[in-house]
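User: Could you take a close look at one part of this model for me? I'd like to see how the side chains there fit in with the rest of the chain.

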Amino acid sequence: MNCNIIKDLLPSYIDEICSEDTAKLVEDHVQHCEECKQTLKRLQQQTDYDQMIPEEVKKAITPFKKINSKRRIQVITAIVMTSLMTFFITTVGYLVYQDVGVVHDFFSPKVSTVVDVEDDSEEWQSVNFNDKNYLIFDSVFWKKSIVNAGSNEIDSGNETESDILLRVKDVNGKVIVDEIQVKPATSVKLDGLKKNEKYFFEIKAPQGRFFINAF
């Protein structure tokens, strides 16, 4: 017989409310199972202890048991309410983040631009963001990354995608990020750039139109 089943039957056995067949099953099992025998002894000792408690004491502690029960209910209720509030706040916050443009732009800043390279002169060409020839990472939420979002390189009359070379200069013309290759539909992290500094971006690419995102 499985010990877990016997342990479930022990309280009924101790209270003598089980059938004779069940009692015999328990007794036969504990004769050969030391673990269940010890469990039975502990339960019997606990029962003996409870019986020794005066009736007056039992009546005295009954209200405290009710208090403990109420306290458990209060704790469970508080946990449930906290979980619901957390879910509500998270959901509302996410919806506000998605739907309110100002909030979204603040926490997920991003600018996009299009660069038309007129020829294959191998010259560096300036990149303008929002009609400015520089970009300022003005909040801590900028990831300081560049994405080559796509390109239409003109090659013998056909349109193909192409890598670009990117470099970044500071206000003094010093190259901070030098000749990083950015493949189509990939992003590159720009290490070393600081917050609230002006940076000037330049690309070198084949003739064509290139779509660039900074975020």
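Analyst: Let's start with Glu202, which sits in strand β9. Keep in mind that this is a predicted model. Is Glu202 buried or exposed? Its relative accessible area is 16%, and because the cut-off for buried is under 20%, Glu202 counts as buried. The side chain of Glu202 has a partner there: a polar contact of 2.6 Å joins it to the side chain of Arg167. Skipping neighbours within four places in sequence, Glu202 also touches several other residues, among them Trp124, Gln125, Ser126 and Val127, as well as Leu165 and Leu166.

Now for the rings. When two aromatic rings pair up, you describe them by how far apart their centres are and by the angle of their planes. There are four aromatic pairs in this model. One of them is Phe129 with Phe201, an edge-to-face pair with 5.4 Å from centre to centre and 85° between the planes. What does that pair link? It brings together distant parts of the chain: Phe129 is in the loop between β2 and β3, Phe201 is in strand β9, and they are 72 residues apart. Both of these Phe residues are buried.

Phe137 and Trp142 make another edge-to-face pair, with centres 5.2 Å apart and planes at 80°. Phe137 is buried, at just 1% relative accessibility, and Trp142 is buried too, at 10%. Add Tyr199, and ring pairs link Phe137, Trp142 and Tyr199 into a cluster.

One last ring to look at: Lys198 lies over the face of Tyr134, 4.4 Å from the ring centre.

Terms used
Residues numbered from 1 in each chain as written. Predicted model: local features only at pLDDT ≥ 70, side-chain atom pairs only at ≥ 80, totals over all residues. Heavy atoms only, no water. Phe/Tyr/Trp six-rings, centres within 6.5 Å; stacked < 30°, edge-to-face > 60°. Helix = DSSP H or I, 4+ residues; strand = E, 2+ residues; numbered from the N terminus. Buried < 20%, exposed > 50% of the residue type's maximum accessible area, 1.4 Å probe, protein only. Lys NZ or Arg CZ within 6 Å of the ring centre and 35° of its normal. Polar contact = N/O pair within 3.5 Å; in protein donor to acceptor, adjacent residues only side chain to side chain. Contact = heavy atoms within 4.5 Å.
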